[in-house]
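The following note is offered to a colleague who is reading this structure for the first time. The points are numbered so that each can be checked against the coordinates in turn.

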Amino acid sequence: MKLDPDSAYVRIANLTKRFGDFVAVDDVSLDIRRGEIFCLLGGSGSGKTTLLRMLAGFESPSAGTIRIDGADMSAIPPYERPVNMMFQSYALFPHMSVERNVAFGLEQEGVGREQIRRQVGEILDIVKMGGFGARKPHQLSGGQRQRVALARALVKRPKLLLLDEPLAALDKKLREHTQFELINIQQRLGVTFIVVTHDQEEAMTLGTRLGVMNHGKIAQIGTPSDIYESPATRFVADFIGSVNMFEGRVSDDGADYLRIQCGELGCTVRAERTVSCTRGATVWTAIRPEKINISRQPFGAGAPQAGSAENLVRGTVREIAYMGDMSIYLVQIDSGRMMRVTLPNIMRGAERPIAREESVWLSWHGSSPVILTE
Ligand code: ATP
């Protein structure tokens, strides 16, 4: 049965994997759409690889089901699934040329010579390795080897490609470059990709959607901006990007705003209401460092109305890290807590920059904080 392109291509329902008493994947339900790059993101040991291995058929679930393109995979062995997996260590055969490495899987299946030649040629062109067919792996750079491994995984035109930390072996620059290439190749071939990574920047760049995993469970699923701008829990807010987080109590719950008394912050937070909670409830206010204004005067651009003490705190700059494109300020606020603020370095040698040990005011707009209840 073919599914509508907008509906789930991969449907994971209540999937659990136990190793003895240990639950590596815990009751995960997840739909992956046809043609998307879905990134599974999470810390070490959160269950990402185990989930991927169950999709490929290398591990059998303790409970739950996997359907691919409508078909139940329970009784389908790995080699009969419409899936290919590219592993963390994508070792190429060192004694074989690039062409032979890519052709290997097709030869094993007894595909005719002419067809192999054509398919290998096509896929090497797609990964921009067309001129390198005769080389051996040791005559290639890391990024080129990576592309050959990708060609090998794609040559049989799987409908679903599972990639486990595909770019882990590359240095930062090459990694970024290869991320964009991977997106191009995926779009050209229309293959559905599921990518496991522990690198949040990689997940944000590659993923049409992300699933954040924590202790075997999916903590949140969404587009990169959903996850970054509207994290559902403290874990997700803290795991993706940097965040300043303060515990507080709801003191006023309006129809479209909340007021929160935050002792740790030393001021009242007024925030747009995005969650349901009632007066007196304990909540956490999460504010991203780039959404905070830092100024010598208390009421700078974007700050609250003069006279109100909401969304405004005073502090002293303790550290400044110049990162080139931006600077990070660590500010100790009057309550004693540290806050992290980032500012883009828009102009070279801008007018007198804020220095260490200066007194500053931090302020933010009511739409900046995210209020979390768990
Ligand atoms: P990493 O980013 O470190 O690769 P991961 O999120 O991919 O981590 P998994 O490899 O899925 O994590 O492992 C999840 C948990 O399951 C870990 O605690 C791991 O030790 C455990 N685990 C994985 N495979 C087995 C196994 N065959 N037997 C016992 N425990 C296992």
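1. In this predicted model, the charged end of Arg288 is placed over the ring of Tyr228, at 4.1 Å from the ring centre. A further arrangement of this kind involves Phe93: Arg152 lies over the face of that ring, 5.6 Å from its centre.

2. Aromatic rings also meet one another. A pair of aromatic rings is described by the distance of the centres and the angle of the planes. Across the whole structure, two aromatic pairs are found. One of them joins Phe235 and Phe239, whose ring centres are 5.5 Å apart and whose planes form an angle of 20°. This pair is classed as stacked, because an angle under 30 degrees meets that description.

3. The positions of these two phenylalanines along the chain deserve a remark. Both belong to helix α8, which covers residues 234-239. Phe235 and Phe239 are four residues apart there, and so about one helical turn separates them. Are the two residues buried, exposed or partly exposed? Phe235 has a relative accessibility of 27% and counts as partly exposed. Phe239, with a relative accessible area of 22%, is likewise partly exposed.

4. The cysteines may be considered next. A disulfide is a covalent bond between the sulfur atoms of two cysteines. How many disulfides does the structure hold? The number is zero. For Cys262, which is in no disulfide, the nearest cysteine sulfur belongs to Cys267 and is 6.9 Å away. A disulfide requires two sulfur atoms within 2.5 Å, so a separation of 6.9 Å does not qualify. Cys262 is buried, its relative accessible area being 3%. Cys39 is also buried, with a value of 0%.

5. Internal space is the next topic. The count of cavities of 30 Å³ or more comes to one. The volume of the largest cavity is about 40 Å³.

6. Which residues line the largest cavity? The lining consists of Met86, Gln146, Arg147, Leu150, Leu163, Pro166, Leu167, Thr178 and Leu182. By character, six of the lining residues are nonpolar, two are polar and one is charged.

7. Two helices may be singled out in this lining. Helix α4 (142-154) and helix α5 (172-189) each provide at least two of the lining residues. The greatest contribution is that of α4, which supplies three residues.

How values were computed:
Residues numbered from 1 in each chain as written. Predicted model: local features only at pLDDT ≥ 70, side-chain atom pairs only at ≥ 80, totals over all residues. Heavy atoms only, no water. Buried < 20%, exposed > 50% of the residue type's maximum accessible area, 1.4 Å probe, protein only. 1 Å grid on protein atoms, 1.4 Å probe; cavity = no way out; pocket = protein on both sides within 12 Å on 5 of 7 lines; lining within 4 Å. Points joined across faces, edges and corners; volume = space filled by probe spheres on them. Nonpolar A, V, L, I, M, F, W, Y, C, P; charged D, E, K, R; others polar. Phe/Tyr/Trp six-rings, centres within 6.5 Å; stacked < 30°, edge-to-face > 60°. Lys NZ or Arg CZ within 6 Å of the ring centre and 35° of its normal.
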